[in-house]
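Student: I'd like to go through this structure with you and ask why each label is used. Could you set the values against the definitions as we go?

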Amino acid sequence: MRLSLRFIVPLLLVLAAFAYAVLPLVDDLTLRWFVRDLDIRSTLIANTVQESARELIQADDRAALLRVLKRITEDERMYAAAYCGLSGAPAISAGTLPAVVQCSSLESFTGEVGHVLTSAHGPLLVSVRPLVTDGTPDGSLVLVHDMSFVTRRSQETRRYVFYLLVGLGGIVALLTVVIAQLSWRGWEQGMRALLRGEMLLRPSDTPDMPEFRPIARDLRELIRDIESEHRPREEDGFTWSPETLRTVLHHELRGQEVIVVSNREPYIHVRQGDSIEVRRPASGLVTALEPIMRTCSGTWIAHGSGNADRAVVDRKDRIGVPPEAPGYQLRRIWLTAEEESGYYYGFANEGLWPLCHIAHVRPTFRTSDWEQYVRVNRKFAQAVVDESTARDPIVLVQDYHFALLPRMIRNVLPAATIITFWHIPWPNPEAFAICPWREELLDGLLGSSTLGFHTQFHCNNFVDTVDRQLEARVDRETFTVSYRRALSAVKRYPISIEWPPPPDLVAKSVAQCRAEIRARHHLDRDHAVAVGVDRLDYTKGIEERFRAVERLLDRRPEWVGRFTLVQVAAPTRGTIDDYRHYHERVTAIAARINERFSRAAAPPIILRSVHHEPEEVYEYYRAADVCVVSSLHDGMNLVSKEFVAARDDERGVLVLSQFTGAARELPEAIIINPYDVDEFASALHAALKMPEREQRARMRLMRSLVREFNVFRWAGRMLIDAAGMRNRDRLLDRVKTSNAADASEPASARPA
Ligand code: F6P
């Protein structure tokens, strides 16, 4: 509308000014035309009555002359007609002669053209015609025409001209706006198409104009620069939020729907007696992706592992989540016991998990597990195809459960943008080489447009592995792998958490959390508390943590009875021997240490091996003096970031293993080697003794990092990069098509 007004208003103003200037000219012109016409008419009348008038004058028959004059004035345009003799005596007149017209002074009215007089009646035209007999003058005939009709006509003309101009203005404005809109839209579409490489490179558009291609390229670059102005820029100091992520989706990927695939589902329905409860699993992957899906909506495809999951889905195995305010669809995939055992427990968690983590647990590879892994990947690929409404969906494939999925999706949906994120470390080429299906795994992963890892080190390992295992071209400058005539980008995207943390998780004050947690565990109000929050996984270094607590109490007895580590440990992968044994070992070590210090006022370790919902976990984070993360190997570790996000009081100390991805981002934590029990014990002591000022300084730095590098940035960066690749791929396709068309043209048709 604003655009239309911009065209219409000036146009109407110009037309009005034009009308204002032109109308007096039109009036003048028409008046002159009428004067000439009436003058000719006067000559005609004079010629017609000439003869009879002369005879009557010579016969001095004044009465008859008056009758002739009266007949003349019967014409509606005639105002008066008169005869003036040569003597200058008053006229014989029919009608009223204007006072200025006197027979004695007719000279001023003689001439070729009549004279226009103004009168109360309106304008009058006075024409004087001589009466002549054989060359001798007999007097003059004075004819006065009533010109008031000219004024009426002029007013009518003005009205019509006004309507005409208004109508014309409206039509011209409308046409201008329509044409402007069409051309703007066409221009915009053209530019966008150009940006995507869809114009000027299409053979039909430029069959013989290869000279335009450089211009097209320059224009694309220019437009990309302009568009990138709208893109959120980190250097501008903004914080990534759901809103910026939505902007990225809208601008870079034209609002495409997002499909996420992971093994673990974000909400699990479990039966509790007669009712059904919703649980949120202990999973870093879920913690990170759930807020992304809430922002982007779309569909999350995952294994339905809860015993009440089937009871709550619709006919298409879908359910809207989060349960309290559904914002996206969860599509559940059902696995048979055999499939779950071979794919999840077997190949993924007894094979790939220990293969990728340096935790000194031997990987087990069974052909039967591999077969189930392939089968389940196929099942999920089919689900992606079923759920996708577009030919080029954005698919976010998560983790080591789905290494084959990208290729399977690519085979059916070649235009899909597939972003695969590997949430665990990638081992070095020698370590990976022991996997019997290494080539199949790499081939599957290279079906992705983008492959993400938490650290550059893992990206390097992956690229080295591809270089060693496949016939692929690895570009170490751009970190891309060219394989099977397609390009995959390999990039570091350190995962993170939602910022700010959900308000309900930090609603209870730190003071209240401190008091309640200590009361719950029968500890004094000023008892020193450290917290550990992990899945009961052998990679998490929980045994090492307990031994460090024991060493601390041995070396610093002042902490005995005054310090407790509360270990929140979520049982996980319980059917796997290594996990069951680990659980048993951890429980036994805690019991042994507590037994050693059983005379103390409080136990050194409180082990809570049950699932905790996020609200309880955050209560522990806020209540603790120290948070301990001592993984032996961890892709990132989001517990460390959650602890930092939970401490809006800027208190608390993080003790963090150097073998986590997080250690690269949070150097203000006390960094430890979990294998070095003495160093670990000293770190615990230093953390417990750290002055408040130092705690605040470190916590502030860590909080600003997590705020800036939050999970919306993680997803946003991946989507921006994937969109860039998507545009590049399209452009290359056009170029290929264009070249193919050129090549297939008969030589004679090509310009010499
Ligand atoms: O850390 C790897 C990972 O798959 C995470 O992505 C996830 O948070 C965690 O393991 C959970 O494991 P599971 O789904 O097997 O319980």
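Student: Where is Pro 322 found?

Tutor: Pro 322 is in the loop between strand S10 (318-321) and strand S11 (328-333). Before going on, note that this is a predicted model, in which local features need pLDDT of at least 70, side-chain atom pairs count only at pLDDT 80 or more, and totals for chains, interfaces and linings use all residues. Residues are numbered from 1 along each chain as its sequence is written, and side-chain values use heavy atoms, with hydrogens and water left out. Helices (H or I, at least four residues) and strands (E, at least two) are DSSP runs, numbered from the N terminus.

Student: What makes the peptide bond from Val 321 to Pro 322 worth a remark, and what is its omega?

Tutor: That bond is cis, with omega near -5 degrees. Most peptide bonds are trans, so a cis bond deserves a mention. Another cis peptide bond joins Trp 499 and Pro 500, where omega is about 0 degrees. Pro 500 sits in the loop between strand S17 (486-492) and helix H14 (510-520).

Student: What is the phi of Arg 573, and why point it out?

Tutor: Its phi is positive, about 45 degrees, although Arg 573 is not a glycine. Most residues other than glycine have a negative phi, so a positive value is pointed out. Arg 573 lies in the loop between strand S19 (563-570) and helix H16 (577-596). Asn 637, also not a glycine, has a positive phi near 85 degrees, and its place is in the loop between strand S21 (626-629) and helix H18.

Student: Why is Arg 573 called buried?

Tutor: Buried means under 20% relative accessible area, exposed over 50%, and partly exposed in between (1.4 Å probe, protein chains only). Arg 573 has 10% relative accessibility, so it counts as buried. Asn 637, at 6%, therefore counts as buried too.

Student: How do you know that Glu 265 and Arg 332 form a salt bridge?

Tutor: A salt bridge is a side-chain nitrogen of Lys or Arg within 4 Å of a carboxyl oxygen of Asp or Glu. For Glu 265 and Arg 332 the N to O distance is 2.7 Å, a salt bridge. The pair links distant parts of the chain, 67 residues apart: Glu 265 is in the loop between strand S6 (258-261) and strand S7 (268-272), and Arg 332 is in strand S11. Both residues are buried. The structure holds 48 salt bridges, and Lys 508, Glu 516, Arg 520 and Glu 619 are linked in a network of them.

Student: Which residues does Arg 366 meet in salt bridges?

Tutor: Arg 366 meets Glu 350 at 3.2 Å, N to O, and Asp 369 at 2.5 Å, N to O. At 31% relative accessibility Arg 366 counts as partly exposed. Glu 350 has 17%, so it is buried, and Asp 369, with 6%, is therefore buried as well.

Student: How do you know that the length of helix H21 agrees with its number of residues?

Tutor: The expected span is 1.5 Å times one less than the number of residues. For the 17 residues of H21 (692-708) that gives 24 Å, and the end C-alpha atoms are 24 Å apart, so the two agree.

Student: Which residues of H21 are buried, and why are they said to be on the same side?

Tutor: They are Gln 695, Met 699, Met 702, Arg 703, Leu 705 and Val 706. They cover an arc of only 160 degrees around the axis (taken from the directions from the helix axis to the C-beta atoms), so they lie on the same side of H21. Their cover includes helix H18 (638-646), strand S22 (653-657) and helix H19 (662-665), where contact means heavy atoms within 4.5 Å.

Student: What makes the ligand's link to Tyr 344 a polar contact?

Tutor: A polar contact is a pair of N or O atoms within 3.5 Å; within protein, one must be able to donate a hydrogen and the other to accept it, and residues adjacent in sequence count only if both atoms are side-chain atoms. An oxygen atom of the ligand is 2.4 Å from an N or O atom in the side chain of Tyr 344. A polar side-chain atom of Ser 283 is 2.9 Å from a ligand oxygen atom, and a backbone N or O atom of Leu 285 is 3.2 Å from one.
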